[in-house]
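Visitor: Before we discuss any labels, could you show me the model, and then let me ask how each label is earned?

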Amino acid sequence: MLANEYNDNGADTEIVTLTPAFGEYAFVWLFVLLLLVVIGAIVASVLKYKKLGLVNALIIVVYALVLIITLLLTGIQLTIGGAFTAVLGLALLTFTNFAIFEAVRKETLLGRTLQASVKTGYKKSLFTVLDLHVVLVVVSILLATVCAGELASCGFILFIATVASYVLHWFTRFMWFVISSPVMDKFKFCGFKREVLDDED
């Protein structure tokens, strides 16, 4: 948006002002977009992993609540950049959980019990998940401390999102056992199939 203004000398000076792309309803559109992203992640989890996907859906809801409460307590205004950073954290959380689910699925296909598959799957994925989160934590700290303005806010949001993602990654394992423990057919609960070994016939 361009506007003209006269300076003290009477010269015509051109001033550039920025207007949000969606006008006064920008925040509403941003909220709707974030809500659709969360709903999409939840639906994808349930469709792919059945009841186990509900565990991931619960984790996603907790993640969203953590970010909302953090923003309210700190007073940080959510911008387009901040929203993108929050979605990045959600993608990180969903990716790590899906990676674990697939690792456990592969172990069950080898004929292991669900408990053994979960233990082995988490063990094999430990360093990959840890390294990814450590790198993002370092990047977020650099953004929050070195940069200013919106970039610093994005760095802070990324830090909270990454820490929340890692904590909830392990909370997923806890919830897995809590919810599946009373279920007789735990493989069916997870949507997995297990090969029967010869010595089990």
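Guide: What follows is a set of questions about a predicted model, each answered by setting a value against the cut-off that applies.

Visitor: What makes up the secondary structure of the protein, and what pattern does the protein follow along the sequence?

Guide: The secondary structure consists of five helices and two strands, and, read along the sequence, these elements follow the pattern β-β-α-α-α-α-α. Of the 201 residues in the protein, 34% are buried, and the accessible surface comes to about 12,400 Å², of which 71% belongs to carbon and sulfur atoms.

Visitor: Why is Ser165 called buried?

Guide: The relative accessible area of Ser165 is 0%, and buried means under 20%, so Ser165 is called buried. Ser165 has its place in helix 4, which spans residues 150-180, and, residues up to four places away in sequence not being counted, Ser165 touches Gly89, Leu92, Leu93, Thr96 and His133. Ser165 and Ile59 are 106 residues apart in sequence, while their C-alpha atoms are 9.1 Å apart in space.

Visitor: What is the class of Thr85, and which residues is Thr85 in contact with?

Guide: Thr85, whose place is in helix 2, has a relative accessibility of 8%, which is under the 20% cut-off, and therefore Thr85 counts as buried. Leaving aside neighbours within four places in sequence, Thr85 is in contact with Cys154, Ile157 and Leu158.

Visitor: Why does Lys124 count as exposed?

Guide: The relative accessibility of Lys124 is 58%, and exposed means over 50%, so Lys124 counts as exposed. Lys124 has its place in helix 3, and its C-alpha atom is separated by 9.0 Å from that of Ile100, a residue 24 residues apart from Lys124 along the chain.

Visitor: And why is Tyr166 called partly exposed?

Guide: With a relative accessible area of 25%, Tyr166 lies between the limits of 20% and 50%, and therefore the label is partly exposed. Tyr166 has its place in helix 4 and, not counting residues up to four places away in sequence, touches Leu126, Val129, Leu130 and His133. The C-alpha atoms of Tyr166 and Gly89, which are 77 residues apart along the chain, are separated by 9.9 Å.

Visitor: How many aromatic pairs are there, and what makes the pair of Tyr122 and Trp170 tilted?

Guide: The count comes to four aromatic pairs. In the case of Tyr122 and Trp170, the ring centres are 5.5 Å apart, which is within the 6.5 Å required of a pair, and the planes stand at 35°, which is neither under 30 nor over 60 degrees, so the pair is tilted. This pair links distant parts of the chain, with Tyr122 in helix 3 (residues 114-146) and Trp170 in helix 4, 48 residues apart.

Visitor: What are the exposure classes of Tyr122 and Trp170?

Guide: Tyr122 has a relative accessible area of 2%, under the 20% limit, and is therefore buried, whereas Trp170, at 30%, falls between 20% and 50% and is therefore partly exposed. Tyr122 and Trp170 form one aromatic cluster together with Tyr166.

Visitor: How do you know that Phe171 and Phe174 form a pair, and what separates them along helix 4?

Guide: Their ring centres are 5.9 Å apart, and the rule asks for centres within 6.5 Å; the angle of 35° between the planes makes this pair tilted. Because Phe171 and Phe174 are three residues apart in helix 4, about one helical turn separates them. Phe171 has a relative accessible area of 31%, and so this residue is partly exposed.

Visitor: Which residues and helices line the largest pocket, and what classes does the lining have?

Guide: The largest pocket holds about 530 Å³ of space and is lined by 21 residues, of which Phe31, Leu34, Ala64, Ile68 and Leu78 lie nearest its centre. Helix 1 (26-74) and helix 2 (80-109) each supply at least two residues of this lining, and helix 1 gives the most, with 14 residues. By class, the lining has 20 nonpolar residues, one polar residue and no charged residues.

Methods:
Residues are numbered from 1 along each chain as its sequence is written. This is a predicted model: local features need pLDDT of at least 70, side-chain atom pairs count only at pLDDT 80 or more; totals for chains, interfaces and linings use all residues. Side-chain values use heavy atoms; hydrogens and water are left out. Helices (H or I, at least four residues) and strands (E, at least two) are DSSP runs, numbered from the N terminus. Buried means under 20% relative accessible area, exposed over 50%, partly exposed in between (1.4 Å probe, protein chains only). Contact means heavy atoms within 4.5 Å. On a 1 Å grid over the protein atoms alone, a cavity is a set of points where a 1.4 Å probe fits but cannot get out, and a pocket is an open set with protein on both sides within 12 Å along at least five of seven lines; lining residues have an atom within 4 Å of a point. Grid points are joined across faces, edges and corners, and a volume is the space filled by probe spheres set on the points. Ala, Val, Leu, Ile, Met, Phe, Trp, Tyr, Cys and Pro count as nonpolar, Asp, Glu, Lys and Arg as charged, and the others, Gly among them, as polar. Rings of Phe, Tyr and Trp (its six-membered ring) pair if their centres lie within 6.5 Å; planes under 30 degrees apart count as stacked, over 60 as edge-to-face and the rest as tilted. Accessible areas come from the Shrake-Rupley method with a 1.4 Å probe; for residues, only the protein chains shown count as cover.
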